[in-house]
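The following questions and answers go through one protein model. Each answer gives its reasoning and then the value or name asked for.

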Amino acid sequence: MAAKQKPEAPERLPGAEGKCVNREQEEIVRWFRTVKFRRTAFGGVDEVQLWKKLEELYGLYGNAIRAERARYDALLQQAGVIVPPTPGLRYTSGTEEASGPGEGPSVKEGS
């Protein structure tokens, strides 16, 4: 019987991993490199832990999207374009209300 071959890794664009724009994107890359799942006795993964990890990833992506929106708004304002406030988002400065690690301006959901 022939030995099983490992499936090939998906093709990536050259330099795709090194093109993070902000801390939040770097945090997502770091999360993917370090995430581990608890195995079950029958060869799968623990479903409860999987859902917890997915919720954690969802939060990281939410932070990245809000940071990108703030960055785009700042670039548009710098270019002289008037940017109406986005409903459901409030801007904060510093780390007192920042939802992610690090410092600097951030955006939070809410009023």
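Buried means under 20% relative accessible area, exposed over 50%, and partly exposed in between, with a 1.4 Å probe and protein chains only. This is a predicted model, in which local features need pLDDT of at least 70 and side-chain atom pairs count only at pLDDT 80 or more, while totals for chains, interfaces and linings use all residues. Residues are numbered from 1 along each chain as its sequence is written, and side-chain values use heavy atoms, with hydrogens and water left out.

Q: Which pattern does the protein follow along the sequence?
A: Helices (H or I, at least four residues) and strands (E, at least two) are DSSP runs, numbered from the N terminus. The protein has two helices and two strands. Read along the sequence, the pattern is α-α-β-β.

Q: How far apart are the end C-alpha atoms of α2, and what span is expected?
A: The expected span of a helix is 1.5 Å times one less than its number of residues. α2 has 32 residues, so it should span 46 Å. The end C-alpha atoms agree with this, being apart by 46 Å.

Q: Which residues of α2 are buried?
A: The cut-off is the one for relative accessible area, under 20%. In α2 the residues that meet it are Gln49, Lys53, Leu57, Leu60, Gly62, Asn63, Ala64, Arg66, Ala67, Glu68 and Asp73.

Q: Which helix gives the most to the largest nonpolar core?
A: A nonpolar core is a set of buried Ala, Val, Leu, Ile, Met, Phe, Trp, Tyr and Cys residues joined through side-chain atoms within 4.5 Å. The largest one has six residues: Ile28, Trp31, Val35, Leu57, Leu60 and Ala64. Both α1 (23-34) and α2 (47-78) supply at least two residues of this core. With three residues, the helix that gives the most is α2.

Q: Which residues does leucine 57 touch?
A: Contact means heavy atoms within 4.5 Å. Leaving out residues up to four places away in sequence, leucine 57 touches Ile28, Trp31 and Phe32.

Q: What kind of aromatic pair do tryptophan 31 and phenylalanine 32 form?
A: Rings of Phe, Tyr and Trp (its six-membered ring) pair if their centres lie within 6.5 Å; planes under 30 degrees apart count as stacked, over 60 as edge-to-face and the rest as tilted. The count by this rule is one aromatic pair. Tryptophan 31 and phenylalanine 32 form it, at 5.2 Å centre to centre with 80° between the planes, so the pair is edge-to-face.

Q: Is tryptophan 31 buried or exposed?
A: The relative accessibility of tryptophan 31 is 8%. Because this value is under 20%, tryptophan 31 counts as buried.
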